Amino acid sequence: MTLRSDAFLGRVQERVDHGIREEAERAARVGPALLGARPVRIEGVTEGSAKWDVGAGLGATADTAGEELTRRVLLPLPVGFDLLFGRTLPA
């Protein structure tokens, strides 16, 4: 299933603190970049905002993928990654 950019950004927008479209666009752009970079490399990003951005983007991705696929992706990841996707896996 292909998700158009506007629909994806709409889902990210639902997850960002104030629901502002510009914040959703920033989170969708910055979030994935932060997975491979330390927050200090990106101007204006704090550790807290980095977690929020990553969580907004990954949570929207998990919503799109559905529970079964998201669970399969999360199972091999270290403990705590489920929270970045807006999910909690049983211990």
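**Notebook: how H1 and H3 cross, and what sits around them**

I started with the helix pair and noted that H1 and H3 are oblique to each other. This is a predicted model, so I read everything below as computed.

**Entry 1, the crossing.** I fitted nothing by hand here. The axes of H1, residues 5–15, and H3 come within 9 Å and cross at roughly 125 degrees. Perpendicular runs from 65 to 115 and antiparallel starts over 145, so an angle between those two ranges goes down as oblique. I also looked up the hand, and the crossing of H1 and H3 is right-handed.

Which residues make the contact? On the H1 side I found Phe8, Arg11, Val12 and Arg15. H3 brings Trp52, Ala56, Gly57, Gly59, Ala60, Thr61, Asp63 and Thr64. Sorted by class, the H1 contact with H3 has five nonpolar, four polar and three charged residues.

**Entry 2, Arg15.** I picked Arg15 out of that list, and its place is in helix H1. Buried or exposed? Neither, quite: Arg15 is partly exposed, at a relative accessible area of 26%. The buried class needs under 20%. Skipping neighbours within four places in sequence, I listed its contacts as Trp52, Ala56, Gly59, Ala60, Asp63, Gly86 and Arg87. For one of these I checked backbone spacing: Arg15 and Trp52 are 37 residues apart along the chain, and their C-alpha atoms are separated by 8.8 Å.

**Entry 3, cores.** Next I went after the nonpolar residues. The largest nonpolar core has six: Val12, Val16, Ala24, Ala27, Ala56 and Ala60. Helix H2 (21–35) and helix H3 (47–65) are the elements giving two or more residues to this core. Apart from it lies another core of five residues, including Val54, Ala62, Leu74 and Phe85. My margin note: in soluble globular proteins, nonpolar side chains tend to be buried together.

I then followed Ala60, since it is in the largest core and also in the contact of H1 with H3. Ignoring neighbours within four places in sequence, Ala60 is in contact with Phe8, Arg11, Val12 and Arg15.

**Entry 4, Ala28.** I moved to helix H2, where Ala28 has its place. Beyond its neighbours within four places in sequence, Ala28 is in contact with Phe8, Leu9 and Val12. I also pulled a C-alpha distance: Ala28 and Gln13 sit 9.1 Å apart in space and 15 residues apart in sequence.

**Entry 5, Leu58 and Val79.** Leu58 lies in helix H3 and counts as buried at 17% relative accessibility. What does Leu58 contact, leaving aside neighbours within four places in sequence? I got Leu84 and Phe85. The C-alpha atoms of Leu58 and Leu83 are separated by 9.6 Å, with their positions 25 residues apart along the chain.

Val79 reads the other way: it is exposed, with a relative accessible area of 87%. I placed Val79 in the loop between helix H4 (67–74) and helix H5 (81–84). Its C-alpha atom and that of Leu89, ten residues apart along the chain, are separated by 8.9 Å.

**Entry 6, whole chain.** Last, I zoomed out. The chain has five helices and zero strands, and from the N terminus on its elements run α-α-α-α-α. Buried residues make up 27% of the 91 residues. Of the contacts between residues at least 6 apart in sequence, 42% join residues at least 24 apart.

Definitions and conventions. Residues are numbered from 1 along each chain as its sequence is written. This is a predicted model: local features need pLDDT of at least 70, side-chain atom pairs count only at pLDDT 80 or more; totals for chains, interfaces and linings use all residues. Side-chain values use heavy atoms; hydrogens and water are left out. A nonpolar core is a set of buried Ala, Val, Leu, Ile, Met, Phe, Trp, Tyr and Cys residues joined through side-chain atoms within 4.5 Å. Buried means under 20% relative accessible area, exposed over 50%, partly exposed in between (1.4 Å probe, protein chains only). Contact means heavy atoms within 4.5 Å. Axes are lines fitted to C-alpha atoms, for helices over the stretch in contact, and angles run from 0 to 180 degrees between N-to-C directions. Angles under 35 degrees count as roughly parallel, over 145 as roughly antiparallel, 65 to 115 as roughly perpendicular and the rest as oblique. A crossing is left-handed if the near helix is turned anticlockwise from the far one by less than a right angle, and right-handed if clockwise. Ala, Val, Leu, Ile, Met, Phe, Trp, Tyr, Cys and Pro count as nonpolar, Asp, Glu, Lys and Arg as charged, and the others, Gly among them, as polar.
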